Amino acid sequence: MRNMCKVLFYIKRNALLRSGRAPIMGRVTIAGQRAQFSTRLSVAPGAWDVGLNRVLGRSSEVARINRELETMRLELENCYDELRYVNPHVTPVEVRDRFLGQTIRQESILSLFELHNERYRRQIGITRSASSCYKYDAVLQHLRGYLAHKSPTGDMPLAQLNRDFVIDFHGYLLRVAQCHKNTVWVYLTAMKHVLAEARNEGVVMNDPFADYRLRNEYVHRSYLTEEELARLIALKELSPGMQLVRDAFLFSCFTGLSFVDLRALEVRHVVQFEEHCWIETSRQKTGQQVQVRLSELPLAIIEKYAPEDAGLIFPLPSNSWCNRCLVRLMKLAEIGKRITFHAARHTFATTLTLSKGMPIEAISKLLGHSSIRTTQIYANITRTQLNREFSRLSPQLDAFKRRWKA
C-alpha cells in the first residue's frame, strides 16, 4: 500500500536564488492529488538528474544533499503510514503538514531569526546594506528580551507562532521597550518579511500577520529654509571638528547625499563633464546610481577637504556623533528646530530643488530613490512656493469679489 504515496523531488529552474543555485522542492502525490514543499536545499541547475531525483557528483556536499533527500523521503512515507492507521483516506496535504510539523517542532523562533540574520550578514556589500542588517539585529534583540519574560526557556517553538504572539510582541515593543510607533512599524514589517521567507521555504505553515494591519504614523520632516542655511553658513570661529560637520552637512544639503554615502565619498567619485563637476556614485542603501552636478558651494567644500591621495573626502565619525554636533550648531545659528544629518536630504528636496520648480521626477533621480513614492515623502511644499502659486491665481480669484460687489 505504500506505493500509493509517491514522493518526488525537483528543482525550480525558473526561480533561481541570488547565488545562481536552484531550490530543491518536494512533492507528495496520492491518488492524483499533489502537495509541494521546500526542502530548504539548493543545487547548481546542471547537477540535477531529473530521472534519478538526485544530485550528480561525488563531492561531500553532493553526498550530504542526496542523503538528506533520502531521509526526507523515508520520513514522508512514515508520516503517510501513521496517518493511514487513523484514516484510510489520507491526502497529500496532510502528509506534508505532518512532515513539516515535525520539522517545526525541532526549530525555535530565535533560531529562525538567528539563521536569517546570519544569511543576511553574509550579503552585506553584495546585495544588502549594513543599515538594513542593523534593523533585523534589533528585532532579534527585542525578541530575546520579550521571550525572556514570556517563556521559562527564553525561547518558543515555531509551532506556537500565531496571531496572538504578534499582538503580544507588538504591545511589548510599545510598552516595555518603549519604541516609537514608527519604529515598531519598521520592526514588525521586518519580522513579517522574515516569516514570509520561512513560510515560502515551508518552515512556517501559517501566517501570523494575516489580517493584521500595520500602520505607520506621519512624521513632519524637518528641513532648513534659505534664511536658516545662510545663518548656518555664516557661523565663524568653529572648532575643526564642528567645522567639518557643518561643512559636510551643507554639502549634503546641496547634493542630497545621505550620511552613509557622504562618508564613503572619495575623490574618484568627482568627475568632470563638459564645463562642470559632477558627483557620480551609487547609493549603498538601494544600489541606485546617483549623478549630481556640483554648484559653487559644494565644489568649494570639496576643494577644502579633498585629500591629495585618492582617499575619503569627509573623515566623519559616527552618525550619532555628527547629530550631537548639529544640535550645538543649530543653537549657535539660532535655529529652533530639531535637525539631524538626514534633514540635509529634506532640505535638498524641499528648499533647494522642489521650491525652485524642479520636477519631482528629477529630484527622485538625484536622491537615488528606487520609487518616486519615496521622494514624495521628502518633497514638502514650502510656504514660499505656496505664496507664489497663490499669487499666480490671485487675478482669477479676485474676479469673484468684483462679481459679488456687482
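**Buried sites, cores and overall form of a predicted chain**

His 116 is buried, with a relative accessible area of 7%. This value comes from a predicted model. The residue belongs to helix α3, which covers residues 109-122. Residues up to four places away in sequence are not counted among the partners of His 116 given here. With that exclusion, His 116 touches Tyr 136, His 193, Val 194 and Glu 197. Because the cut-off for burial is under 20% relative accessible area, the 7% of His 116 places it in the buried class.

The chain as a whole was examined next. Its secondary structure comes to 15 helices and eight strands. The radius of gyration is 29 Å, well over the 22 Å that the globule rule gives for 406 residues, so the chain is more spread out than a compact globule. Along the principal axes, the C-alpha trace spans about 90 × 70 × 45 Å. Of the 406 residues, 42% count as buried. Contacts with a separation of 6 or more were also sorted by distance in sequence. Residues 24 or more positions apart account for 60% of them.

The surface and the charges give a further view. About 23600 Å² of the chain is exposed, and carbon and sulfur atoms supply 52% of this area. There are 58 positive and 40 negative side chains. The centres of these two sets lie 5 Å apart.

In soluble globular proteins, nonpolar side chains tend to be buried together. The largest nonpolar core in this chain has 45 residues. Within this core, Phe 249, Phe 251 and Phe 314 touch the most other members. Helix α8, residues 240-255, gives the most to the core, with eight residues. Phe 251 has many partners beyond its neighbours within four places in sequence, including Leu 257, Leu 262, Leu 265, Ile 279 and Leu 294. Pro 298, Ile 301, Ile 302 and Phe 314 are also in contact with Phe 251. A second, separate core holds 34 residues. Among them are Val 139, Leu 147, Leu 188 and Ala 198.

Helix α12 spans residues 343-350 and is mostly covered, with eight of its eight residues buried. The buried residues of α12 include Arg 345, His 346 and Thr 347, as well as Ala 343 and Phe 348. Ile 335 lies in the loop between α11 (319-332) and α12. Ile 335 is also buried, with a relative accessible area of 6%. Its C-alpha atom is separated by 6.7 Å from that of Glu 228, although the two residues are 107 residues apart along the chain. Leaving aside neighbours within four places in sequence, Ile 335 is in contact with Leu 224, Glu 228, Arg 231 and Met 330.

Backbone angles were considered last. Most residues other than glycine have a negative phi. Asn 53 has a positive phi, near 60°, and is not a glycine. Asn 53 lies in the loop between β4 (48-49) and β5 (54-55). At 10% relative accessibility, Asn 53 counts as buried. Asp 211 also has a positive phi, of about 65°, although it is not a glycine. The loop that holds Asp 211 runs between α6 (181-200) and α7 (226-233). At 74% relative accessibility, Asp 211 counts as exposed. Both residues lie in loops, but Asn 53 is buried, whereas Asp 211 is exposed.

Technical notes
Residues are numbered from 1 along each chain as its sequence is written. This is a predicted model: local features need pLDDT of at least 70, side-chain atom pairs count only at pLDDT 80 or more; totals for chains, interfaces and linings use all residues. Side-chain values use heavy atoms; hydrogens and water are left out. Helices (H or I, at least four residues) and strands (E, at least two) are DSSP runs, numbered from the N terminus. The radius of gyration is taken over C-alpha atoms; the globule rule is 2.2 Å times the number of residues to the power 0.38. Buried means under 20% relative accessible area, exposed over 50%, partly exposed in between (1.4 Å probe, protein chains only). Contact means heavy atoms within 4.5 Å. Accessible areas come from the Shrake-Rupley method with a 1.4 Å probe; for residues, only the protein chains shown count as cover. Lys and Arg count as positive and Asp and Glu as negative; His and the chain ends are not counted. The place of a charge is taken as NZ of Lys, CZ of Arg, CG of Asp or CD of Glu. A nonpolar core is a set of buried Ala, Val, Leu, Ile, Met, Phe, Trp, Tyr and Cys residues joined through side-chain atoms within 4.5 Å.
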